[in-house]
Amino acid sequence: MKNSKMIILLLVIITLYVGCFDNQVVQEKNNGFFAWMDAYIAVEENTPNTIATTLFLEDIPFSKDSVADISFLDISNDVIIDQFWIDDMKQPGGKFFSYAITLEFTAKKINVYETSGIIVTLKSNENIEYSIGKWVIDVNKSNEELVNTWNSPVATANAKILPYDYSLNPSGKITKIYYGDQLFISNDDGIKDTGSIDISKDYQSPIVYIKTKIIINDNQNESINYGKGTYCGALSLPEEVIIASKEHNN
């Protein structure tokens, strides 16, 4: 629940930024667009995980109470959205209405899945497909829980850097940190528990969500651990980010 509260707080912060933007950012009427957020999400199989995103609107194509289901495009049979929460947000004098959408999902089998959209199904049986960016969901075996990742930031203002702060069992060492599909830093002698990773060459979206896969070597035995997830760039939403999201995801 602590993580869910952090996510809701983050979405409130994002929406407050949006409320300050000039009306010329979006001119024509449309059915809305999601914030462009590429993501790498390392998770353990058969374990619920949560991610948040924001749908920006000028018109309201549907009420939040009319939503019957939300699913991932192309991978809905393997990565199932078990629950979702939709919070509507509008600030006094703001130029945008937005839905803050939190998704709780479970991946059933070990594999690497990729989606670029979500499908909103209304109670009227109408389906609305939205682009979200490129989301890679890397599903692996259970978390060995040898590392505490909760000191890492939930969100940052810089979409080009992934900071991390891990507390590790003294008998082990971090030898590899995955921050994307086949993207990682490594050191057989051990990676520092606290540091940052330059992701500028690997991600172009204005917001990047990364939930790392951490390889631990403990007395010659390797194990998998997982980061808690960081929204890089989420705390800095200038007008250009909204324009980029509209152009990319609308």
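# Close-up views of the predicted model

**View A. The lining of the second largest pocket mixes residue types.** The lining residues of this pocket divide into 5 nonpolar, 2 polar and 5 charged. As in every view here, the model shown is a predicted one. The second largest pocket has a volume of about 180 Å³. Two elements, β2 (37-44) and β8 (127-140), each give two or more residues to its lining. Of these, β2 gives the most, with 3 residues. To find the lining in your own viewer, select D38, A39, Y40, E114, K134 and V136, then add G180, D181, L183, D202, Y203 and Q204.

**View B. The whole chain, for orientation.** Before zooming in again, here is the setting for the remaining views. The protein chain has 2 helices and 18 strands. Buried residues make up 52% of its 250 residues. Among contacts with a separation of 6 or more, 71% are between residues 24 or more positions apart. The chain exposes about 11600 Å², and carbon and sulfur atoms supply 45% of that area.

**View C. The salt bridge between D88 and K64.** Side chains of opposite charge can pair when their charged atoms come close. The structure holds 3 salt bridges, and this view shows one of them, in which D88 pairs with K64. Their closest N and O atoms are 3.2 Å apart. D88 sits in strand β5 (residues 79-89), while K64 belongs to the loop between β3 (49-57) and β4 (67-72), so the pair ties together parts that are 24 residues apart in sequence. How exposed are the two partners, D88 and K64? D88 has a relative accessible area of 36% and is partly exposed. K64 is partly exposed too, because its 31% falls between the 20% and 50% cut-offs.

**View D. The salt bridge between D78 and K109.** Here the closest N and O atoms of D78 and K109 are 3.9 Å apart. Both residues lie in loops: D78 between β4 and β5, and K109 between β6 (97-107) and β7 (111-122). The pair therefore ties together parts that are 31 residues apart in sequence. D78 has a relative accessibility of 23%. That value makes D78 partly exposed, because the buried class is kept for residues under 20%.

**View E. The salt bridge between K213 and D138.** In this pair, the closest N and O atoms are 3.1 Å apart. K213 is in strand β16 (residues 213-218) and D138 is in strand β8, so named parts of the chain that are 75 residues apart become linked. Are these two charged residues buried or exposed? Both K213 and D138 are buried.

**View F. I137 and its neighbours.** Strand β8 also holds I137. With 0% relative accessibility, I137 counts as buried. Which residues touch I137, leaving out those up to four places away in sequence? They are I41, V43, F72, I75, V79, F105, N111, V112 and Y113. One of these neighbours, V112, is 25 residues from I137 in sequence, yet their C-alpha atoms are 5.7 Å apart in space.

**View G. L103 and its neighbours.** L103 is found in strand β6. L103 has a relative accessible area of 0%, so it falls in the buried class. The C-alpha atoms of L103 and I51 are separated by 5.4 Å, although the two residues are 52 positions apart along the chain. Leaving out residues up to four places away in sequence, L103 touches N49, T50, I51, I70, F72, I81, Q83 and F84. Look out for F72, which also appears in the list of residues touching I137.

**View H. N46, a loop residue with a positive phi.** N46 is located in the loop between β2 and β3. Its phi is near 60°, a positive value in a residue other than glycine. The relative accessibility of N46 is 47%, which means that it counts as partly exposed.

**View I. Q182, another positive phi in a loop.** Q182 lies in the loop between β12 (172-180) and β13 (183-191). As a residue other than glycine, Q182 has a positive phi, near 65°. Q182 counts as exposed because its relative accessibility of 61% is over 50%. On either side in sequence, D181 and L183 are among the residues that line the second largest pocket.

Technical notes:
Residues numbered from 1 in each chain as written. Predicted model: local features only at pLDDT ≥ 70, side-chain atom pairs only at ≥ 80, totals over all residues. Heavy atoms only, no water. 1 Å grid on protein atoms, 1.4 Å probe; cavity = no way out; pocket = protein on both sides within 12 Å on 5 of 7 lines; lining within 4 Å. Points joined across faces, edges and corners; volume = space filled by probe spheres on them. Helix = DSSP H or I, 4+ residues; strand = E, 2+ residues; numbered from the N terminus. Nonpolar A, V, L, I, M, F, W, Y, C, P; charged D, E, K, R; others polar. Buried < 20%, exposed > 50% of the residue type's maximum accessible area, 1.4 Å probe, protein only. Contact = heavy atoms within 4.5 Å. Areas by Shrake-Rupley, 256 points an atom, 1.4 Å probe, with all protein chains shown as cover. Salt bridge = Lys/Arg side-chain N within 4 Å of Asp/Glu carboxyl O.
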